[in-house]
Amino acid sequence: FTVYGLLCASIKDSQHGKWTISDSEDEDNIIPPTPQKDSNKPSIKPDLERKPDTVTTFFKQERKLSPKRNEDTHSVKEPSAPSMGSEARKAAHVNQTLPVKYESHPSPSVKRKRETEEAGWNLSSSDDETPPPAPKKEPKKSDVSPKKKKTEDKRPPSPHGTSYYKEEPADFFETNLLSMNDMYRFYLNKVTGIPKKFNTGALHIKDILSPMFGTLKESVQFNYCFDIPWMVEQYPPEFRDKPVILVHGEKRESKARLIEQAKPYPHIRFCQAKLDIAFGTHHTKMMLLWYEEGFRVIILTSNLIRADWYQKTQGMWMSPLYPRLPEGSPGTAGESPTNFKSDLLEYLEAYRAPELAEWIDRIKQHDLSETRVYLIGSTPGRYQGPAMEKWGHLRLRKLLSEHTKPVLNEERWHVLGQFSSIGSMGLDKTKWLAAEFQRTLTTLGKVRLKEGRRCAHVYPSVENVRTSLEGYPAGGSLPYSIQTAQKQLWLHSYFHGWHADVTGRSNAMPHIKTYMRVSPDYTQLAWFLVTSANLSKAAWGALEKNNTQIMVRSYELGVLYLPSAFNMSTFPVEKNVFPASSSSKGFPVPFDLPPQHYSSKDQPWIWNIPYTQAPDTHGNIWVPS
């Protein structure tokens, strides 16, 4: 990959990721720090995009506390959160309680907690390719009380307290279609707390589901995390009782909670995605919307929970409105030059779900010929022969090989990856990142060029998170663990911070995932991808059996923009993303180019180690266990 001029020559010479938590030679026994027990500290479990080890975040309270306070008398009641995504994500919302302030530094001790998968804190991971040792079962906790069910339909509390979520002004949800760029159909989400101009042309979920885009009849929501009461409220009143199918990957108790939460909503049905390979997740985020006027697809990066639509940076592709084909049209009718229709149908068929059969037939009856993006999906399985190129990074490689051409001075073009979670890459870069994945990301046309290039990764630093709109709790959605990070210190010299002044989102931490190839002067793109896939083998797939087989663990989905589909040689990078303009020809890259490499003092955000040296924007500290 292209080398940035000032990349660190050695991890030893920088402070990136120097942790002295454990010197254990057993990689599975790396122990995160935990604070000493303090009955006066309420716990907060951060939002996750995976099922990690037990993590409880303690905040030191500002007020003086009596050393002999009764824990039961002064405990904070934990409202029950909706069932959504992984057990870890659910537990994050269950335990986000009253805000607490920076006062002093807790003294961490070292210990390890593991609970059963039923309790929701098994180290699973969409991002770790090696299953950890099976945890020992523990007795069921007594804190799961019937009282929690009574509050199950309430909004999950914010880590900053129940008053943190502010009601947006009425004009927040007023979207002007004339200000939207319908050339690329790539949009960011609206962010609360930034200047209004940076939301002009952005979309909130209420905008997406509004009558402005069609008269809704039915919908399907594919996602990882769900807050069902909140989701239902995002539909306008006139569409709120229209049939909805939720496609999820929940099992056992978390599935039961999800179903329980939908009981007040008889219009909601479920489709459980098959996860036949251990530690895979249903990470795809997509909406299928059927209107009286036609059909639409939204492929996005946001979970169906309020926090993901509040002060985080998210992205989406919104399809055109697809009209219905004339009766009697052949099965091949309505295909786009990018083969989007057949690829979408193949992706849906991979679920092998009777609940989706009607939707597959419905899509066949619509004209998707105006689509100008390519679909990049991942579905769990082991694939050989021609099927190897259907999913994951080999699918991306195939499209880049067939539909792009080499560019002048290609060896100087940068490959940028930007994501919100990182899986295990192996003990050195040659295990996967700089081998098969690098080969994919550096493909342009069919000519194989020399190796040895490097990429830059955009991933928030600790300081990015600390000074964000949400403060430290934003890091709960950036689940790069100490266990993984300690095994791949070599990776951290690739890291660049999150800076997004161009979109007004420097302080809105990214949950969006993007990959691109950009010119040496950062003014042109050879391609651009927005996807649910983080930097992990589970998401992208890993070659096996001497490269004759690829194994994919998770469901993922994204769209690839190639200049050839727009009758262009490259995409110009838009310099003025907001306020958006329908006449703009530049591509709206969501963060600043060129990216800024970590300074010697920066370190990547690790969500399960403490940060107590400085308070965040809300006066809190972060001490997980």
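Among contacts in the chain between residues at least 6 apart in sequence, what percentage join residues at least 24 apart? In this predicted model, the figure is 78%. Keep that number in mind as we walk through the fold, beginning with the chain as a whole.

The chain has 625 residues, and 62% of them count as buried. Its secondary structure consists of 12 helices and 22 strands. The accessible surface comes to about 24,400 Å², with 51% of that area belonging to carbon and sulfur atoms.

A good place to settle in is an open sheet of seven strands. Following the order 5-11-10-9-6-7-8, you will find that the pairing is mixed. Strand 5 and strand 8 (268–272) stand at the edges with a single partner strand each, so each has one side without a neighbour in the sheet. On average, neighbouring strands here are turned by 20° against each other, direction ignored. As a reminder of what holds such an arrangement together, strands of a sheet pair through backbone hydrogen bonds, either parallel or antiparallel.

Let us start from the strand 5 edge. Strand 5 (residues 186–188) meets strand 11 in the antiparallel sense, over three bridges, and here leucine 188 stands opposite glycine 315 of strand 11. Strand 10 (residues 295–300) also pairs with strand 11 in the antiparallel sense, again over three bridges. In that pairing, isoleucine 299 has tryptophan 317 of strand 11 as its bridge partner.

Strand 11 (residues 315–318) deserves a pause of its own. Gly315 and Trp317 point one way, Met316 and Met318 point the other way, and all of these residues are buried. Gly315 and Trp317 are familiar by now: glycine 315 is the residue opposite leucine 188, while tryptophan 317 is the bridge partner of isoleucine 299.

Further along the order, the parallel sense makes its appearance. Strand 6 (residues 216–222) and strand 7 (residues 244–248) pair in this way over four bridges. Valine 220 has isoleucine 245 of strand 7 as its bridge partner.

Now for the helices that lie across these strands. Helix 6 lies across strand 6, strand 9 (286–291), strand 10 and strand 11, and it runs at about 110° to strand 9. Helix 6 (residues 340–349) is mostly covered, with seven of its 10 residues buried. Those buried residues are Phe340, Lys341, Asp343, Leu344, Leu345, Tyr347 and Leu348, a list in which Lys341 and Asp343 appear beside three leucines. Helix 7 (residues 357–364) lies across strand 6, strand 7, strand 9 and strand 10, running at about 65° to strand 9.

Which residues does the UniProt annotation "active site" cover? In this unreviewed entry, the annotation covers His283 and His511. The two span 229 residues in sequence, yet no two of their C-alpha atoms are more than 12.7 Å apart, so they gather at one spot.

Each of these histidines sits in a loop. Histidine 283 is found between strand 8 and strand 9, which ties this residue to the sheet we have just toured, since both strands appear in the order 5-11-10-9-6-7-8. Histidine 511 lies in the loop between strand 16 (495–496) and strand 17 (513–518). Are they buried or exposed? Histidine 283 has a relative accessible area of 1%, and because buried means under 20%, this residue counts as buried. Histidine 511 is buried as well, at 1% relative accessibility.

Methods: Residues numbered from 1 in each chain as written. Predicted model: local features only at pLDDT ≥ 70, side-chain atom pairs only at ≥ 80, totals over all residues. Heavy atoms only, no water. Buried < 20%, exposed > 50% of the residue type's maximum accessible area, 1.4 Å probe, protein only. Helix = DSSP H or I, 4+ residues; strand = E, 2+ residues; numbered from the N terminus. Pairing = 2+ DSSP bridges. Axes fitted to C-alpha atoms, helices over the stretch in contact; angles between N-to-C directions. Contact = heavy atoms within 4.5 Å. UniProt positions renumbered as here; feature names shortened; annotations may be inferred. Areas by Shrake-Rupley, 256 points an atom, 1.4 Å probe, with all protein chains shown as cover.
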